[in-house]
Amino acid sequence: MNVQDPKGIEVRTVRALKDNYCYLVHRAGSALCLVIDTSEFAPIQDELERAGLRLGLILNTHHHGDHVDANEDLVRRWDAPVYCSSHDRSRIPNAVRGLDDGETFEFDGMEIRVLAIPGHTRGQIAYYFPQAALLFVGDTLFSMGCGRLFEGTHEEMCHSLEKISSLPPQTQVFFGHEYTEKNGAFALNVEPDNICIHARLRAARESMSADRPTAAPTLAEEMRVNPFLRLKSPSIRRQLGLEGARDIEVFASLRRLRDVFQG
Ligand code: ZN
Ligand code: FE
């Protein structure tokens with residue numbers, strides 16, 4: 001668990017399963033909160049109780065079990081509505097509202113905007129809180145990596161990452177999994193001279209050895225270390241032998257290499 005308070009909105013990170021992150025989000029001073037992704041009932045419920053929060057809304061980033069499995073138990077306990085992508089409404093337990101790209105809604109004074117970011121799955125969406133510049137990306141982007149393509153094409157994922165990159169650079173990004181260690185090893189492989197990667201790995205190891213979640217970086221910070229957001233990097237292109245290639249070719253090559261990367 002960690003608490004952050006950018007401009008009056010608090011985010012509590014809940015670790016669940018092997019390496020999942022779920023997030024409780026609420027206005028500072030308000031006991032009403034929402035949860036983003038529901039990997040497991042017990043750790044979410046424990047954190048709600050510890051923090052004295054009431055759950056009023058459940059948001060899912062996509063339909064995979066490790067992001068929705070506690071919907072049913074949380075609905076039974078809190079009677080909170082479940083929102084998700086309109087693509088996923090029929091395949092996410094207890095969903096009552098489907099959301100579309102660009103749609104905005106409000107919860108307890110917090111504005112939330114929906115961004116369709118397909119690639120990992122067809123219905124993958126991000127939740128963006130413009131007031132505090134917070135972004136919850138599910139399994140599209142990770143610390144120094146990106147999600148595997150289960151239902152989307154390289155083009156779709158590449159476009160989704162561009163869409164994320166076009167948000168304000170101070171936007172804080174919250175990932176669906178803790179994959180820093182392995183992604184960092186891959187990032188160093190394709191960009192050995194990038195010293196920022198070492199710094200990210202060092203900070204992440206420090207957090208993990210203190211039994212804390214790793215810090216959510218800003219978009220600007222992520223763009224300095226994440227190869228999938230650095231398709232124009234001459235160093236990466238040289239490493240791949242793709243100096244004159246289009247961005248999409250660099251992306252596809254990185255994604256294929258990452259798929260078989262053993263670490
Ligand atoms: Zn997933
Ligand atoms: Fe996942």
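In this predicted model, the four donor atoms of the zinc ion (ligand 1) subtend angles of 88 to 174 degrees, and the site is accordingly classed as irregular. The donors are His62 through NE2, His64 through ND1, His120 through NE2 and Asp139 through OD, at 2.2 to 2.3 Å from the metal. Along the chain, these residues follow the spacing H-x1-H-x55-H-x18-D. For comparison, ideal angles at a metal are 109.5 degrees for four tetrahedral donors. Because four donors count as tetrahedral only if all angles lie between 85 and 135 degrees, the upper value of 174 degrees at the zinc ion (ligand 1) excludes that description. Of the zinc donors, His62 is buried, since its relative accessibility is 0%.

The second metal, the iron ion (ligand 2), takes its protein donors from Asp66 (OD), His67 (NE2), Asp139 (OD) and His177 (NE2), which lie 2.1 to 2.3 Å from it. The spacing of these donor residues in sequence is D-H-x71-D-x37-H. Here the four donor atoms subtend angles of 84 to 171 degrees, and the arrangement is therefore irregular. Two donors that are adjacent in this pattern have contrasting surroundings: Asp66 is partly exposed, at 21% relative accessibility, whereas His67 is buried, at 0%. The zinc ion (ligand 1) and the iron ion (ligand 2) are 3.2 Å apart, and they are bridged by Asp139, a residue that thus appears among the donors of the zinc ion as well as those of the iron ion.

The iron donor His67 is also one of the residues in contact with Thr38, which is placed in the loop between β4 and α1. Thr38 is buried, with a relative accessible area of 0%. When neighbours within four places in sequence are left aside, its contacts are Cys22, Ile44, Ile58, Asn60, His67, Val68, Asp69, Ala70, Asn71 and Leu74. Tyr23 is 15 residues from Thr38 in sequence, and the C-alpha atoms of the two residues are separated by 8.6 Å.

Ile44, one of the residues touching Thr38, belongs to helix α1 (residues 41-51), in which the buried residues are Ile44, Gln45, Glu47 and Leu48. Because these residues cover an arc of only 160 degrees around the axis, they lie on the same side of α1. This can be set beside the general geometry of such helices: an α-helix has 3.6 residues a turn, so residues three or four places apart point the same way. The buried residues of α1 pack against strands β2 (9-16), β3 (20-27), β4 (32-36) and β5 (54-59), and also against helix α3 (71-78). On the face of α1 turned away from this buried side are the exposed residues Glu49 and Arg50. Just after the helix, Gly52 adopts a positive phi of about 65 degrees.

Positive phi values are also found outside glycine. Most residues other than glycine have a negative phi. Asp79, although not a glycine, has a positive phi of about 55 degrees, and it is found in the loop between α3 and β6 (82-85). Met144 has a phi near 65 degrees, likewise a positive value in a residue other than glycine, and its place is in the loop between β12 (141-142) and β13 (145-146). The two residues are set apart by their accessibility: Asp79 is exposed, at 65%, whereas Met144 is buried, at 0%.

Met144 is, in turn, among the residues touched by Ile197, which lies in helix α6 (residues 195-209) and is itself buried, with a relative accessible area of 0%. Apart from residues up to four places away in sequence, Ile197 touches Met144, Gly184, Ala187, Leu188, Glu191 and Val225. Between Ile197 and Tyr127, the separation is 70 residues in sequence and 26 Å in space, taken from C-alpha to C-alpha.

A further packing arrangement involves helix α4 (residues 154-165) and helix α9 (residues 247-259), whose axes are 10 Å apart and meet at an angle of about 105 degrees. The two helices are therefore roughly perpendicular. Their contact is formed by His154, Glu155, Met157, Cys158 and Leu161 on the side of α4, and by Ile248, Phe251, Ala252, Arg255 and Arg256 on the side of α9.

Key:
Residues are numbered from 1 along each chain as its sequence is written. Chains are lettered from A and ligands numbered from 1 in the order in which they are written. This is a predicted model: local features need pLDDT of at least 70, side-chain atom pairs count only at pLDDT 80 or more; totals for chains, interfaces and linings use all residues. Side-chain values use heavy atoms; hydrogens and water are left out. Buried means under 20% relative accessible area, exposed over 50%, partly exposed in between (1.4 Å probe, protein chains only). Helices (H or I, at least four residues) and strands (E, at least two) are DSSP runs, numbered from the N terminus. The arc is that of the directions from the helix axis to the C-beta atoms. Contact means heavy atoms within 4.5 Å. Donors are N, O and S atoms within 2.8 Å of the metal (3.2 Å for Na, K and Ca); water is not among the atoms, so sites may look incomplete. Four donors count as tetrahedral if all angles lie between 85 and 135 degrees; four count as square planar and six as octahedral if opposite donors are over 155 degrees apart and all others between 65 and 115; anything else is irregular. Axes are lines fitted to C-alpha atoms, for helices over the stretch in contact, and angles run from 0 to 180 degrees between N-to-C directions. Angles under 35 degrees count as roughly parallel, over 145 as roughly antiparallel, 65 to 115 as roughly perpendicular and the rest as oblique.
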